[in-house]
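This report covers one protein chain and a ligand. It begins with charged pairs, then turns to the domains and the ligand site.

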Amino acid sequence: MSQPGVLPRLIAPVANYPTFVAGSALVVAAPAKLNLFLEILGKRPDGYHDLESLIIVVDLFDTLEVGSGSPGTITLTCDPPIVSAGSDNLVMKAALLLRERAGRPEMGATLRLQKRIPLQAGLGGGSSDAAVTLVALNEFWKLALTREQLAGMAAILGSDVAVFLTPPAGWCTGRGEVVTPESVGRVLHFVVVCPPVGLATAAVYGQLVVPQTPIAGVAVREAVRAGDPEAVGRALFNRLEDPAFRLAPIVEQQRRRLGSLGPCGALMSGSGSAVFAVCRSREEAVRVAAEFRRTRPAGEPDSRVLVVRSFAPDPA
Ligand code: C5P
């Protein structure tokens with residue numbers, strides 16, 4: 001991701017996402033995620049569900065550009081303007097929360113968000129944007145808040161914001177905000193299919209039947225630690241598939257068709273509507289993606305098909 005005239009820099013130790021300094025602006029990449037496992041443990045008195053999920057971060061990015069602004073003024077623009085740039089946008093909420101918690105109302109910034117991650121797809125785009133806003137403004141405003149302090153704010157912003165502070169993967173519990181970082185033994189390769197219909201998370205949870213006996217995620221955690229795509233493929237599971245499939249049958253059709261093309265396995269991500277295949281190599285992912293596009297049945301809507309990979313394992 002290096003560009004001429006732009007100095008690459010990492011904002012470790014909070015998160016190792018590609019970051020650039022362009023003049024006085026900071027540009028941070030906000031990655032998408034895939035849920036390789038998602039089980040529901042029960043419904044809580046606050047209306048949320050306790051869950052267990054293995055989330056892995058992949059190299060499909062929105063980008064957030066942070067520049068200086070008038071003192072006390074934070075502005076946000078979105079390109080393309082497919083999401084609101086107002087105070088209901090998670091980026092704006094994250095910026096305001098961070099500034100308030102840091103007790104620095106005089107801080108200002110100009111934020112520009114470039115959206116590439118499809119919306120309502122279960123790929124975590126809005127959550128990731130919020131997480132990198134915390135990370136980038138912590139750096140830009142020189143607040144020196146710790147990862148734990150940022151994780152506390154992430155939990156307020158949404159259930160799966162905090163996981164983006166600990167790439168390359170996390171085991172998420174509670175309503176999703178309690179994150180145990182996971183290692184990924186070897187880079188994993190995926191095909192992601194985004195149908196032209198989105199699914200609202202709350203609507204999918206609304207259709208859910210909570211299981212009597214939840215499935216355990218031990219096998220998927222071991223498979224990811226080993227970086228073994230065959231074992232990951234065998235351990236894939238998402239309790240939200242059934243309710244999402246009822247709301248949008250195209251999601252089930254696409255998951256089945258993707259799974260029939262020979263990858264290690266296929267699954268819906270999060271609350272949908274995107275589905276993905278786990279592949280043995282980049283070459284296999286490219287082949288499966290091409291085959292998926294080529295064999296589209298008459299009447300099935302055209303979908304975005306992407307080849308992505310997980311982040312490199314942390315150097316030991
Ligand atoms: O936390 P977030 O804003 O992402 O959640 C969106 C909606 O999804 C919640 O309002 C709730 O209806 C549902 N949800 C849930 N249990 C979770 C996460 C989300 O019921 N663990």
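## Salt bridges

In this predicted model, a search of the whole structure finds 18 salt bridges. One of the pairs is Arg-221 with Glu-182. Arg-221 sits in helix H5 (residues 218–226) and Glu-182 in strand S8, so this pair ties together parts that are 39 residues apart in sequence. The N to O distance between the two side chains is 2.6 Å.

## Two domains

The domain assignment splits the protein chain into domain 1 (19–182) and domain 2 (189–309). Their centres, taken over C-alpha atoms, are 24 Å apart. Domain 1 puts 28 residues into the contact, and domain 2 puts in 39 residues.

What area is buried between domain 1 and domain 2? The value is about 2,600 Å². Carbon and sulfur atoms give 63% of that area.

## Polar links across the interface

Three salt bridges are counted between domain 1 and domain 2. The interface also has 17 residue pairs in polar contact, with both residues at pLDDT 80 or more.

Which strands of domain 1 supply at least two residues each to the side that touches domain 2? They are strand S3 (25–43), strand S4 (49–67) and strand S8 (178–182). S3 gives the largest share, with eleven residues. By class, the side of domain 1 that touches domain 2 holds 16 nonpolar residues, six polar and six charged.

## Ligand site

Which residues surround the ligand? The list runs Gly-47, Tyr-48, His-49, Leu-51, Gly-158, Ser-159, Arg-175, Thr-201, Ala-202 and Tyr-205. Domain 1 spans 19–182 and domain 2 spans 189–309. His-49 falls within the domain 1 range, as does Ser-159. Thr-201 falls within the range of domain 2.

Three of these residues can be followed down to atoms. His-49 has a side-chain N or O atom 2.8 Å from an oxygen atom of the ligand. Ser-159 also uses its side chain: a polar atom there lies 2.6 Å from a ligand oxygen atom. For Arg-175, a polar backbone atom is 2.9 Å from a nitrogen atom of the ligand.

Notes
Residues are numbered from 1 along each chain as its sequence is written. This is a predicted model: local features need pLDDT of at least 70, side-chain atom pairs count only at pLDDT 80 or more; totals for chains, interfaces and linings use all residues. Side-chain values use heavy atoms; hydrogens and water are left out. Domain bounds come from an automatic or database domain assignment. Contact means heavy atoms within 4.5 Å. Buried area is the accessible area (1.4 Å probe) that two parts lose on being put together, summed over both. A salt bridge is a side-chain nitrogen of Lys or Arg within 4 Å of a carboxyl oxygen of Asp or Glu. A polar contact is a pair of N or O atoms within 3.5 Å; within protein, one must be able to donate a hydrogen and the other to accept it, and residues adjacent in sequence count only if both atoms are side-chain atoms. Helices (H or I, at least four residues) and strands (E, at least two) are DSSP runs, numbered from the N terminus. Ala, Val, Leu, Ile, Met, Phe, Trp, Tyr, Cys and Pro count as nonpolar, Asp, Glu, Lys and Arg as charged, and the others, Gly among them, as polar. A residue is near a molecule or strand if one of its heavy atoms lies within 4 Å of it.
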